[in-house]
Amino acid sequence: MSPNFRTWPMTPVALAVSLLCSGVAAAQQAPASESVEEVIVTGLRPIAESEAAALRAQKNSFSLVTIAAADGVGRLPDQNIAQATSRLPGLAVERDQGQARYISIRGAPNYWSTLSFDGVNVVSPEGRDARYDAVPSAIASQIVVSKAVTPDMPGETVSGNVNIITRSAFDQAGRSISGKVGYGSAELGDRPQYEGSLVFSDRYSTASGEWGVVLSGSYFQRDMVTDNFETDYERVAQDQRPDAATRFWAHEAENKLYRLTRKNWSGSGRLDWRQGDNDVSLRSIYTIFTDDEARDNFRFDLDDRQSDLVANTAGCTIAANLTPTTSGYADVCIGNTPRTGTVYGIDIRQRSTLRAFRQSIFTNSLEGKHGMANGWSVNWLANVTESKDDRSVVGETTWDSPSTRSLRPTVSYDFSDPNRSRLMLYTTQQLASPTRYQAGTAVTAIDTFSKPLASLTLLDAVDTTRAYTGRLVVARETSLWGADAVLKAGVQFDQRTKVVDENNIVLNTAAQFTAVGIATDYNQFSLDKAFLGKIPMDYTFRYFDTAKMRAAAKTAAGLYTFAPVTSNIYDVREQVYAGYVMGTLKYGWGSVVGGVRVEELKNRGIALGTIGTSSSNITAESSRPLVFPSLHLNYDIDDSRKLRLSFNTGAARADYDQLRPNVTINDSNQSISGGNPAVKPERAQGVDAYFEWYIQPQGYVMAGLFYKSVSDVLYRQTRTFGSDALNSSSIDRSSYAFTGITNGGDGRIYGVEAAIQQQLEPWAAQLGLPGWMGGFGLSANATYNDSEATKPAIGAIPERKLRLPGTSDFIYNLSAYYEKYGFSVRLSYQARSEWLDGYADDLTDGGDTYWAADDELDFSARYAFNNKVEVFFDATNLLNKPGRRFSEPGNLLTATGIPTGFSDSQTIEWERFGRRMAGGVRVKF
């Protein structure tokens, strides 16, 4: 399923049928004072029971939410929150190394969504792009996805919020102990997988009230290898022959071959106390994600001798020439094309990287809810969170071909198959006067070519974000305008400070290599080990020895001092002062929720700025008020059918690294580059209209429309600086060209969702079916959206209309299951069409980039011997489709008005991860 999104094979009739039979369960998190109905699964049909309980909670909510209950998550092979939510209506994921990482809600950019623990927004270790693979699903009792914003939610929530509701002892009748152990294996490389979790909860009644305690921990480890090739394209200035505008040449081709160990740890504790109308909760969650990566990266510098080609606009007779005077790069006259050809005597730039990547979130909340006389209540909360992103590299070596071309390889390339990169290697022979080169004997083992050690780099880089939240909400239940009303007023303060510290050691001399004892011959630094992957490669290689890398890095750290990378060091602080008022009016025919939130946003950034050859600290500050009104109408057609209408607003803010005041000023070129503390938030306002039918005795159908308009769309581009903030020494820099994040034009996104969930059990007897057939069930949903944003002109590229990044036209989820007599099997299918990855800003780029359509098929099975012990089996990524990123030069060329007719796509990244199987035991006492 990887057709081009403009030709997705679905007729309007087929789409209509799909939307009737699939769709979208949308409903939004209730206001903060309204808790989502408990979802407790105690029977032997956890899929059916958890779905039914989640639907009851959705039906009773006051705005658009969709819910995944913990036991529903457990029945699918979902290890992290991104995977667990990706099967819900309107949600899609972006993957890294085959693992779900980012969430897109209803096709919107992933940075429009926010992550919360028990209603408190948490900053991801990476920044505003909430990364969900660092959060294991084991800590959740429910996952509530809000699709429409209410005034009690922070204004930075634009497309929606993913709220992880942690386990509470009051979810159980008494003491409960549950656990899970499992083992699995990856098909690619035959690598192991381990997992385990343990949850203890208990309730205690005392004279001072009832206490509840929950302690939980989880561990997940996945060892893996990946198959990969990447190709980078460019417009070549020397290629001026006829039709040059249609040609984008591969200037670098590479293989990145990974050996990975990824681990997730989590530990959490929760202490609850309640007495009468008083509840106090102390919650602490600590999650860790680590990625230990050994990457062998072979890069072929095809444009190494680009200057050999002399620009010439005249036509030429195209004829094969096996002994050219040029390297052959971008030379159409000798028969080379962007798809196939031969390049003579080029550089191998090899890189061996050992990373120790670690991300963590440590969040702690103390919250109280107190009922008072005359319908008054108070809710208060204090939260402290620390997120860390450790991007350190244990060691990275580079190995480069010598400058003598006869010691370098000749490469015959073939990129005509979008799913394969063929690179055939030969020795290079130099011919006499005039100097020409030709291919010699074929070479299979790449490490027979000379590649002396060029550098050893160690990186110590840690980004730390500390966040503080305080909230106070006062509410009163009363009668207003003929309705039972809940009126609320709240204030909230948030402060987030991100500090980036980056230091490195770079060694690049023979004396330094000798001092640390590292081999300068790659064959003495590598292992004689068979290739672990399955990608067809036209050469063999040796994996680098991770033990030797660690030893060299340890010695280097002892002999040399880490130096600060000043251009990447900054301190950014964000403060938000917020207040809101809202009311929930409940009538016999439904409810109305409305109000307004006002925020004062203050930013302060400190970083080192460079002007010419001098550097000094720069402090930049900005502030702006933001107002977010919203209104939600819920109309009960009857007891089982509802209409929901909503109007909501939000603002997506630039990421912290984009707000840093680091700038580099080049007076000779009249240019400035760096962050932009003055950039405005991306403002959005939207409407939703949904129909829900809760079929009795059990079932669900939903269809809905949504529309969202956007102003001040965030882009990275070059523009006139337009400020006197950097003027000094009588130099006016306001007219300099600034490169960084900025605000562009307007945009919009609209679409339709539909969903259906149905179990046969309630209907089996009426249909005269045997009892065993009642175990069948179906859950399906589909989302269609259309997005557009105006990208302002930049350089020679005129203003363009483009889709928003990360948006797919179609998203599908389909699950079929059978669950009865303690036996449960489930087959789940996910699909999304192509989505935009990045914009091209320059005519030398290879065009806008996209990720190809993606589909996944997973299977799970379990057997419960009783309500205490069950065995399970999970199989994931059964289709084993590759992830493919590509560029489309035709989009860029058409936008510039150049008549080309060129519409083909070029693969720039391809990767495959293999199927995975796992099994184990779950227990509960």
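A residue is taken as buried when its relative accessible area is under 20%, as exposed when it is over 50%, and as partly exposed in between. In this predicted model, Trp589 has a relative accessibility of 35% and therefore counts as partly exposed, and Tyr635, with a relative accessible area of 38%, is likewise partly exposed. The rings of Trp589 and Tyr635 have their centres 6.2 Å apart and their planes at 40°, so the two form a tilted pair. Because Trp589 lies in the loop between strand S23 (570-587) and strand S24 (590-611), while Tyr635 belongs to strand S25 (residues 614-636), the pair ties together parts that are 46 residues apart in sequence.

With respect to the chain as a whole, the protein contains nine helices and 44 strands, and buried residues account for 57% of its 925 residues. Among contacts between residues at least 6 apart in sequence, 74% join residues that are at least 24 apart.

The largest nonpolar core comprises 37 residues, of which Phe300, Leu302, Phe415, Leu425 and Ile446 touch the most other members. Two or more residues are given to this core by each of the strands S10 (209-234), S11 (249-275), S12 (278-301), S17 (410-414), S18 (422-431) and S43 (906-912), and the largest share, four residues, comes from S11. A second, separate core of 24 residues includes Ile81, Ala130, Ile143 and Ile361. In soluble globular proteins, nonpolar side chains tend to be buried together.

The surroundings of Ile446 were examined further. When neighbours within four places in sequence are left aside, Ile446 is in contact with Phe298, Phe300, Ile348, Leu425, Lys451, Tyr539, Thr540 and Phe541. Several of these names recur in an aromatic cluster, which is formed by Phe298, Phe300, Phe531, Tyr539, Phe541 and Tyr543. In total, the structure holds 27 aromatic pairs. Aromatic rings are also faced by charged groups: the charged end of Arg259 sits over the ring of Phe544, 5.1 Å from its centre, and the charged end of Arg274 sits over the ring of Phe170, 3.9 Å from its centre.

Two individual residues illustrate buried and partly exposed positions within strands. Ile285, which lies in strand S12, has a relative accessible area of 5% and is therefore buried. Leaving aside residues within four places in sequence, Ile285 is in contact with Phe117, Ile139, Thr166, Gly267, Ser268, Ile361, Phe362 and Thr363; one of these, Ile361, is included in the second nonpolar core. Ile285 and Gly217 are 68 residues apart in sequence, and their C-alpha atoms are 9.8 Å apart in space. Val921, by contrast, is found in strand S44 (residues 916-924) and, at 32% relative accessibility, counts as partly exposed. Residues up to four places away in sequence not being counted, Val921 touches Gly179, Lys180, Val181, Val869, Glu870, Val871 and Phe872. The C-alpha atoms of Val921 and Tyr863 are separated by 9.7 Å, although these residues are 58 residues apart along the chain.

Empty space within the model was considered next. Rolling a probe the size of a water molecule over the atoms shows where such space is left. The structure holds 13 cavities of 30 Å³ or more, and the second largest cavity has a volume of about 150 Å³. Its lining is made up of 16 residues, of which Thr114, Val122, Arg128, Glu156 and Arg496 lie nearest the centre of the cavity. Strand S4 (residues 113-117) gives the most to the lining of the second largest cavity, contributing three residues.

The second largest pocket contains about 1,100 Å³ of space. This second largest pocket is lined by 40 residues, and those lying nearest its centre are Asn110, Tyr111, Asp129, Gln658 and Asp837. The elements that give two or more residues to the lining of the second largest pocket are strand S21 (483-507), helix H7 (656-659), strand S31 (714-720) and strand S38 (835-838). Of the elements that line the second largest pocket, S38 gives the most, with four residues.

Conventions. Residues are numbered from 1 along each chain as its sequence is written. This is a predicted model: local features need pLDDT of at least 70, side-chain atom pairs count only at pLDDT 80 or more; totals for chains, interfaces and linings use all residues. Side-chain values use heavy atoms; hydrogens and water are left out. A nonpolar core is a set of buried Ala, Val, Leu, Ile, Met, Phe, Trp, Tyr and Cys residues joined through side-chain atoms within 4.5 Å. Buried means under 20% relative accessible area, exposed over 50%, partly exposed in between (1.4 Å probe, protein chains only). Contact means heavy atoms within 4.5 Å. Rings of Phe, Tyr and Trp (its six-membered ring) pair if their centres lie within 6.5 Å; planes under 30 degrees apart count as stacked, over 60 as edge-to-face and the rest as tilted. A charge sits over a ring if NZ of Lys or CZ of Arg is within 6 Å of the ring centre and within 35 degrees of the ring normal. On a 1 Å grid over the protein atoms alone, a cavity is a set of points where a 1.4 Å probe fits but cannot get out, and a pocket is an open set with protein on both sides within 12 Å along at least five of seven lines; lining residues have an atom within 4 Å of a point. Grid points are joined across faces, edges and corners, and a volume is the space filled by probe spheres set on the points.
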